Amino acid sequence: MAVNLVNVESVSKVYGTRALLDGVSLGVSEGDRIGVVGRNGDGKTTLIRMLAKLEEADTGRVTHSGGLHLGVLTQHDSLDPTATVRHEVIRDMADHEWAGNAKIRDVLTGLFGGLDLPGFPQGLDTVIGPLSGGERRRIALAKLLIEEQDLIILDEPTNHLDVEGIAWLAQHLRERRSALVCVTHDRWFLDQVCTRMWDVQKGAVYEYEGGYSDYVFARAERERIAATEEVKRQNLVRKELAWLRRGAPARTSKPRFRVEAANELIADVPPPRDKSELMRFANSRLGKTVFELEDVTVQAGPKVLLKHLTWQLGPGDRIGLVGVNGAGKTSLLRALAEAARTEGEKQPAAGRIVTGKTVKLAYLSQEVGELDPTWRVLQAVQSVRDRVDLGKGRELTAGQLCETFGFNKEKQWTPVGDLSGGERRRLQILRLLMDEPNVLFLDEPTNDLDIETLTQLEDLLDGWPGSMIVISHDRFFIERTTDNVFALLGDGTLRMLPRGIDEYLERRRKMEEAAAASVLAAAPAPAKAASAADARAAKKELQKIERQLDKISEKETKLHAQIADNATDFGKVAQLDAELRELAGEREDLEMRWLELAEDA
């Protein structure tokens, strides 16, 4: 029988006049893999902070089992800015110790792309202070995953990870023995990792068995039975369920809900997009030409990112763009946007970009544009225009579009300066769509958006007639909103991937294996393969070296103590320091020999 690790009994939490949690009772047991979802501001982070006892409940209590070993990743790390990555992640472990630990090697490779931390200026010896928020977050996650815990609590662990990093993290968490509670808006990740879901809504927490796909079905069924008045939201959930059941590309999870019940629930739900109708409408708005690239070279400073690229974005094309960090995804969008803005006068480093005469581009960058903080939400949207034509006879006022994006009538009068990061992101997308563009570039549009808002955005884009390029690490969003996936693999080319993101991950694995094989091929060939006797001898020598290293550590400790005792005797201190340096040299030679022998053993 599974041991109960955390108990939450009748917990309530109030902020101001708003009850985030109201009489909530829950439990986390050994082996649980729980995903936490809900709208931004509804209390997801508050709930997991109380689970971890980082925040006190107003009423009720949270109890941990005796000796619980808990690991927590919060949205704000507690790393020492003066420390190095080595000190925070590996602590005082010698190189031969951590390099011989398969778990540590796996975490460093999975989160940083290699044991030498490529991309960090001094590798493991990089000082943390000057690093970006995303780099610090990966360090905090690595520090957590290297340890062993009974329970891991993660708040948005996929933030700042690319598609490969998210795939690695999902596999790593599936293989761990620790129980897991995880807040994330990454629906693919939830499906891969979680076996239970908590939905935080209006002070209550609803529990569901299974991953995200199961949750969508169960929630749609619950709302149907309850005959709620939220018809619009119910239809959105049913539409997403229809997409899940009809087989999205590259989905590997196997939902556990009853197939017959799901099929009955979505029997009258049409496919998410009528592609032929949208294509006709896109042609009428855009003509034959959108963007045509002829032998184009894209650079970022002196670095060549894409070379000899001949490609076109046609009317109605919906493209997902993936690739390794630094391969040129954002640079490609910027080059296209610059050509559109200057009507073809500003061209890339080489080649030519032809822009259609009717192109009206909206570009959502990763940065949230500054707005007058004294503006009200509705005023910020109406400053673009009062009504928007979404095609197929759909026309919405600024207020109606605000409601679609979660800004109710009361929220529409909130000053922009009082909005959260996620709300400002929503407002930025709203203003772009309000301008009735016929080409959309979305660079990481899912940043800071909760699942419900993502679903609303996807529904809006389903009927949007135009051409679109989406860059995102959220593979669910890419699979849901685009029809074709292209990849930048870091070799200066752009490739179409018929099998989507799964094919991208396969190609990246093959590239890494080929790179590793070329390094091995370039290395001097060993005189002969190690025999079983050689391996036994290597193990014996390894054990001998480890004993020698332990003795050196003891000697170093004694010498440090002697130096402290003789701090005023400079002659003695110099002699002891010379002995320390000699020991350090011996340690380095032994550790190098240990690493050589480890492979043979």
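Lys13, Arg49, Glu55 and Asp58 are linked in a network of salt bridges. The model described here is predicted. Within this network, arginine 49 pairs with glutamate 55. Their closest N and O atoms are 3.1 Å apart. The two partners differ in exposure class. Arginine 49 is partly exposed, at a relative accessible area of 28%. Glutamate 55 is buried, at 16%. The cut-off explains the two labels: buried means under 20% relative accessible area, and exposed means over 50%.

Across the whole structure, the search finds 29 salt bridges. One of them joins glutamate 164 to arginine 508, with 3.0 Å between the closest N and O atoms. Glutamate 164 lies in helix α6, which covers residues 163-175, and arginine 508 lies in helix α18, which covers residues 500-522. The pair therefore ties together parts that are 344 residues apart in sequence. Glutamate 164 is buried, with a relative accessible area of 18%. Arginine 508 also counts as buried, at 14% relative accessibility.

Helix α18 takes part in another salt bridge, through aspartate 502. The partner of aspartate 502 is arginine 475, and the closest N and O atoms of this pair are 2.7 Å apart. Arginine 475 belongs to helix α17, so the bridge ties together parts that are 27 residues apart in sequence. The relative accessible area of arginine 475 is 4%, which makes this residue buried.

Aromatic contacts were examined next. The count comes to 7 aromatic pairs. In one of them, the ring centres of tyrosine 212 and tyrosine 215 are 5.6 Å apart. Their planes meet at 50°, so the pair is tilted. Planes under 30 degrees apart would count as stacked, and planes over 60 as edge-to-face. Both tyrosine 212 and tyrosine 215 lie in helix α8, residues 212-226. They are 3 residues apart, about one turn of the helix. Tyrosine 212 and tyrosine 215 are both buried.

Tyrosine 212 has a further aromatic partner, phenylalanine 476. This pair is edge-to-face, with 90° between the planes and 5.8 Å from centre to centre. Phenylalanine 476 lies in helix α17, residues 475-481, whereas tyrosine 212 lies in helix α8. The contact therefore ties together parts that are 264 residues apart in sequence. Phenylalanine 476 is buried, as is tyrosine 212. Tyr208, Tyr212, Tyr215 and Phe476 form one aromatic cluster. Helix α17 thus supplies phenylalanine 476 to an aromatic pair and arginine 475 to a salt bridge.

A ring also meets a charge elsewhere in the model. The charged end of arginine 426 sits over the ring of phenylalanine 407. The distance to the ring centre is 5.0 Å.

Cysteines were considered last. The search of the whole structure finds 0 disulfides. Cysteine 182 is accordingly in no disulfide. Its nearest cysteine sulfur belongs to cysteine 194 and is 5.7 Å away. A disulfide requires the two sulfur atoms to lie within 2.5 Å, so this pair does not qualify. Cysteine 182 is buried, with a relative accessible area of 0%. Cysteine 402 counts as buried too, at 0% relative accessibility.

Technical notes:
Residues numbered from 1 in each chain as written. Predicted model: local features only at pLDDT ≥ 70, side-chain atom pairs only at ≥ 80, totals over all residues. Heavy atoms only, no water. Phe/Tyr/Trp six-rings, centres within 6.5 Å; stacked < 30°, edge-to-face > 60°. Helix = DSSP H or I, 4+ residues; strand = E, 2+ residues; numbered from the N terminus. Buried < 20%, exposed > 50% of the residue type's maximum accessible area, 1.4 Å probe, protein only. Lys NZ or Arg CZ within 6 Å of the ring centre and 35° of its normal. Salt bridge = Lys/Arg side-chain N within 4 Å of Asp/Glu carboxyl O.
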